[in-house]
Amino acid sequence: MIDLLKSHASVRRYKDVPITDEQFKEVIEAAQHAASSHFVQAYSVIQVKDVDKKEALGKLSNNELQFKTAALSLLFCADLKRGQKAVQIHGKDIVGDTVEDFLVASIDTAILAQNFVVAAESKGYGICYIGGVRNNPKEISELFGLPDYVIPLFGMTVGVPDEQNEVKPRLAVDSIVHVDTYDENKYEKQLEEYDDIFNQYYRQRTNNKKDKTWTETMADFLPKKRREHLKQFVESKGFLKQ
Ligand SMILES: Cc1cc2nc3c(=O)[nH]c(=O)nc-3n(C[C@H](O)[C@H](O)[C@H](O)COP(=O)(O)O)c2cc1C
């Protein structure tokens, strides 16, 4: 299991080999055994089979090729709708609009998805998360008939890999683990070391070689505001209204 986890690399090119509904079911069923906050199981997965919808999803998430060529095109949604139905059976309604509700549904969905990834990779499939679905969440919600309390968090393509990317070196364990007290003073030195390792990886990898460090990529990425439409979208679905 540890070897499998450490061999993960996103796959963006797939062989033209189908994944049957049975094969998909085996993997998603395993994923469902993830822990779930208060066992709300606050997620839904849209399996996109319809060719036109797949194409539309590709366009709306700026990822046409992957959704077109993957054996499975999935949309992972944070979902309190089912929970609401359960509550309404008992003549009550959910709160739904607190930060906690939003976190519960988002965390549950992310844990399900990552369990799915590990199960899929154990079967020899490759995957790629597609955050691009948050480019056009309103249009994507309409495309798949997502009701209130259901929001698309990310997509995922899955298939038999037609490429094997080198594993990206991660931050040092010491950078992400703090013993007893959070220590930000250690970052400067650690990031310098990581930049060397990361730059070497970027310059030597097979595809899409770059001469950048990790801190440079963060400096390109993190100072920009992104997807500012999300606040209003999430609120329009009933989350975070308070
Ligand atoms: C929530 C999420 C969204 C992502 N969105 C995209 C995406 O839209 N397109 C893409 O090519 N990769 C996407 N990725 C993949 C990341 O770029 C990738 O996981 C990261 O660079 C680490 O590389 P690795 O997965 O090969 O180890 C996403 C990953 C996550 C977790």
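# Close-up views of a predicted model

**View 1. The contacts of Ser-73 in the predicted model.** When residues up to four places away in sequence are not counted, Ser-73 touches Ile-46, Gln-47, Val-48, Lys-54, Phe-67 and Met-156. Ser-73 belongs to strand E2, which runs over residues 72–79. With a relative accessible area of 1%, Ser-73 is buried, because this value falls under the 20% that bounds the buried class. Phe-67, one of the residues touched by Ser-73, also takes part in a polar contact, in which its backbone oxygen lies 3.2 Å from a polar atom of the Ser-73 side chain.

**View 2. The surroundings of the ligand.** The residues that surround the ligand are His-8, Ala-9, Ser-10, Arg-12, Asn-63, Cys-128, Tyr-129, Ile-130, Gly-131, Gly-132, Lys-168 and Arg-170. Side-chain N or O atoms of two residues can be followed here: that of His-8 is 2.6 Å from an oxygen atom of the ligand, and that of Arg-170 is 2.9 Å from an oxygen atom of the ligand. Tyr-129, by contrast, contributes a backbone N or O atom, which lies 3.2 Å from a nitrogen atom of the ligand.

**View 3. Strand E3 and its pairing with strand E4.** Strand E3 comprises residues 126–130, and it is largely enclosed by the rest of the structure, since four of its five residues are buried. E3 pairs with strand E4, residues 150–159, in the antiparallel sense, and the pairing extends over five bridges. Within this arrangement, Ile-127 stands opposite Val-158 of E4. As a guide to reading such a view, side chains in a regular strand alternate between the two faces of the sheet.

**View 4. Aromatic pairs and a ring beneath a charge.** Twelve aromatic pairs are found in the structure. In the pair formed by Tyr-182 and Tyr-187, the ring centres are 6.1 Å apart and the planes stand at 80°, so the arrangement is edge-to-face. The two partners fall into separate accessibility classes, for Tyr-182 counts as exposed at 57% relative accessibility, whereas Tyr-187, at 23%, counts as partly exposed. Elsewhere, ring pairs join Phe-24, Phe-76, Phe-116, Tyr-129 and Phe-154 into a cluster, and Tyr-129 is also among the residues around the ligand. A ring facing a charge is found at Phe-221, where the charged end of Arg-226 sits over the ring, 3.8 Å from its centre.

**View 5. Val-118 in helix H6.** Val-118 is placed in helix H6, which covers residues 99–122, and with a relative accessible area of 16% it is buried. Once neighbours within four places in sequence are left aside, Val-118 is in contact with Met-1, Leu-4 and Leu-5. For orientation, the C-alpha atoms of Val-118 and Gln-190 are 29 Å apart in space, while the two residues are 72 residues apart in sequence.

**View 6. Lys-81 in helix H5.** Lys-81 lies in helix H5, which spans residues 81–88. At 17% relative accessibility, Lys-81 counts as buried, because the class takes in values under 20%. Not counting residues up to four places away in sequence, Lys-81 touches Pro-147, Asp-148, Tyr-149 and Val-150.

Methods: Residues are numbered from 1 along each chain as its sequence is written. This is a predicted model: local features need pLDDT of at least 70, side-chain atom pairs count only at pLDDT 80 or more; totals for chains, interfaces and linings use all residues. Side-chain values use heavy atoms; hydrogens and water are left out. Rings of Phe, Tyr and Trp (its six-membered ring) pair if their centres lie within 6.5 Å; planes under 30 degrees apart count as stacked, over 60 as edge-to-face and the rest as tilted. Buried means under 20% relative accessible area, exposed over 50%, partly exposed in between (1.4 Å probe, protein chains only). A charge sits over a ring if NZ of Lys or CZ of Arg is within 6 Å of the ring centre and within 35 degrees of the ring normal. Helices (H or I, at least four residues) and strands (E, at least two) are DSSP runs, numbered from the N terminus. A polar contact is a pair of N or O atoms within 3.5 Å; within protein, one must be able to donate a hydrogen and the other to accept it, and residues adjacent in sequence count only if both atoms are side-chain atoms. Contact means heavy atoms within 4.5 Å. Two strands pair if DSSP finds at least two bridges between them. A residue is near a molecule or strand if one of its heavy atoms lies within 4 Å of it.
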